[in-house]
Amino acid sequence: MARSKTSKKWLDEHVNDPYVKKAQADGYRSRASYKLLEINNKDKLYSAGSVVVDLGSAPGGWSQIVAPVVGDKGKVIASDILPMDSIIGVDFIQGDFTEEAVYDAILNALGDRKADVVISDMAPNMSGVNTTDQYSSMYLVELALDMARNVLRANGAFCAKVFQGVGYEEYVKDVRSSFKQVFVRKPAASRPRSREVYLVAKGFKG
């Protein structure tokens, strides 16, 4: 019974969310689009000609706003376990990027270019058990960081959603070991009560 009450509360909140309504009006696939728009406006992670890898991309809210900016000279490679409707200018690879075949497909899509930016809005399927969910989310961002270390060019950037809790401080320290600058962002479109923040790391040490 408690679960259905929680689900109803989430649904009510989602339906009445101003960013959900704004996304529908603006033609964006996700309210998360506004998070990346705000971050990139502040941190200038990608621009015309950038090569961007988007992890956990479905339904495409981030790839959708990146592709027109990077343009024909840039490239967006998106990957998710879930399917995603096609987006002009985006190479989508469905599957688990920790599996060799999917990882190789991402590398093949990059070709002889290194990524300028790796972005990740990944989150696990939430069980409602805080400790379990925290470990699951930290595992995902650790995988995203590993991918960034493997595909980024020197001085490249990384942006990932992280949930504050067990393992968070250690993760920030780990990111700092590979990047010259690390910032913590809480975009306006991120719900205030959510423990999510976005780590923006710039100046990959290679």
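This is a short walk through one predicted model, taking in a pair of helices, the nonpolar cores and two single residues.

I'll start with the helix pair. Two packed helices are described by the angle between their axes and the distance between the axes. Here the pair is helix 6, residues 130–151, and helix 7, residues 168–178. Their axes are 11 Å apart and the packing angle is about 5 degrees. Angles under 35 degrees count as roughly parallel, and helix 6 and helix 7 are therefore roughly parallel to each other.

Which residues meet there? From helix 6 they are Met-138, Val-141, Glu-142, Leu-145 and Arg-149. From helix 7 they are Tyr-168, Tyr-171, Asp-174, Val-175, Ser-177 and Ser-178. Sorted by class, this contact has 6 nonpolar, 2 polar and 3 charged residues.

Staying with helix 7, its buried residues are Tyr-168, Tyr-171, Val-172, Val-175 and Ser-178. They span an arc of only 120 degrees around the axis, so they sit on the same side of helix 7. As background, an α-helix has 3.6 residues a turn, so residues three or four places apart point the same way. The face of helix 7 turned away from the buried side carries Glu-169, Glu-170 and Lys-173, which are exposed. And what do the buried residues pack against? Helix 6 is one partner, and the others are strand 5 (152–163), strand 6 (179–185) and strand 7 (196–204).

That brings me to the cores. The largest nonpolar core has 36 residues. Val-118, Phe-158, Tyr-171 and Phe-179 have the most contacts inside it. Several elements give two or more residues to this core, among them strand 1 (51–55), helix 5 (100–110) and strand 4 (115–120). Helix 6 gives the most, with 9 residues.

Phe-158 shows how these pieces come together. Leaving aside neighbours within four places in sequence, Phe-158 is in contact with Val-118, Ala-144, Leu-145, Ala-148, Leu-152, Tyr-171, Phe-179, Leu-199, Val-200 and Ala-201. Apart from the largest core lies another core, of 22 residues, including Leu-36, Leu-45, Ile-65 and Ile-87.

Ile-65 is also one of the buried residues of helix 4. That helix, residues 61–70, is mostly covered, with 8 of its 10 residues buried. Among the buried ones are Trp-62, Gln-64 and Val-70. Just after helix 4 comes Gly-71, with a positive phi of about 70 degrees.

Now the two single residues, both in loops. Asp-17 lies between helix 1 (2–16) and helix 2 (18–26). Is Asp-17 buried or exposed? Its relative accessible area is 5%, and buried means under 20%, so Asp-17 is buried. Beyond neighbours within four places in sequence, its contacts are Arg-31 and Arg-191. From Asp-17 to Ala-144 the C-alpha distance is 29 Å, with their places 127 residues apart in sequence.

Lys-186 is found in the loop between strand 6 and strand 7. With a relative accessibility of 36%, Lys-186 counts as partly exposed. Not counting residues up to four places away in sequence, Lys-186 touches Glu-38, Arg-191, Pro-192, Ser-194, Glu-196 and Val-197. Arg-191 therefore appears in both contact lists, that of Asp-17 and that of Lys-186. Lys-186 and Val-118 are 68 residues apart along the chain, and their C-alpha atoms are separated by 18 Å.

Terms used:
Residues are numbered from 1 along each chain as its sequence is written. This is a predicted model: local features need pLDDT of at least 70, side-chain atom pairs count only at pLDDT 80 or more; totals for chains, interfaces and linings use all residues. Side-chain values use heavy atoms; hydrogens and water are left out. Axes are lines fitted to C-alpha atoms, for helices over the stretch in contact, and angles run from 0 to 180 degrees between N-to-C directions. Helices (H or I, at least four residues) and strands (E, at least two) are DSSP runs, numbered from the N terminus. Angles under 35 degrees count as roughly parallel, over 145 as roughly antiparallel, 65 to 115 as roughly perpendicular and the rest as oblique. Contact means heavy atoms within 4.5 Å. Ala, Val, Leu, Ile, Met, Phe, Trp, Tyr, Cys and Pro count as nonpolar, Asp, Glu, Lys and Arg as charged, and the others, Gly among them, as polar. Buried means under 20% relative accessible area, exposed over 50%, partly exposed in between (1.4 Å probe, protein chains only). The arc is that of the directions from the helix axis to the C-beta atoms. A nonpolar core is a set of buried Ala, Val, Leu, Ile, Met, Phe, Trp, Tyr and Cys residues joined through side-chain atoms within 4.5 Å.
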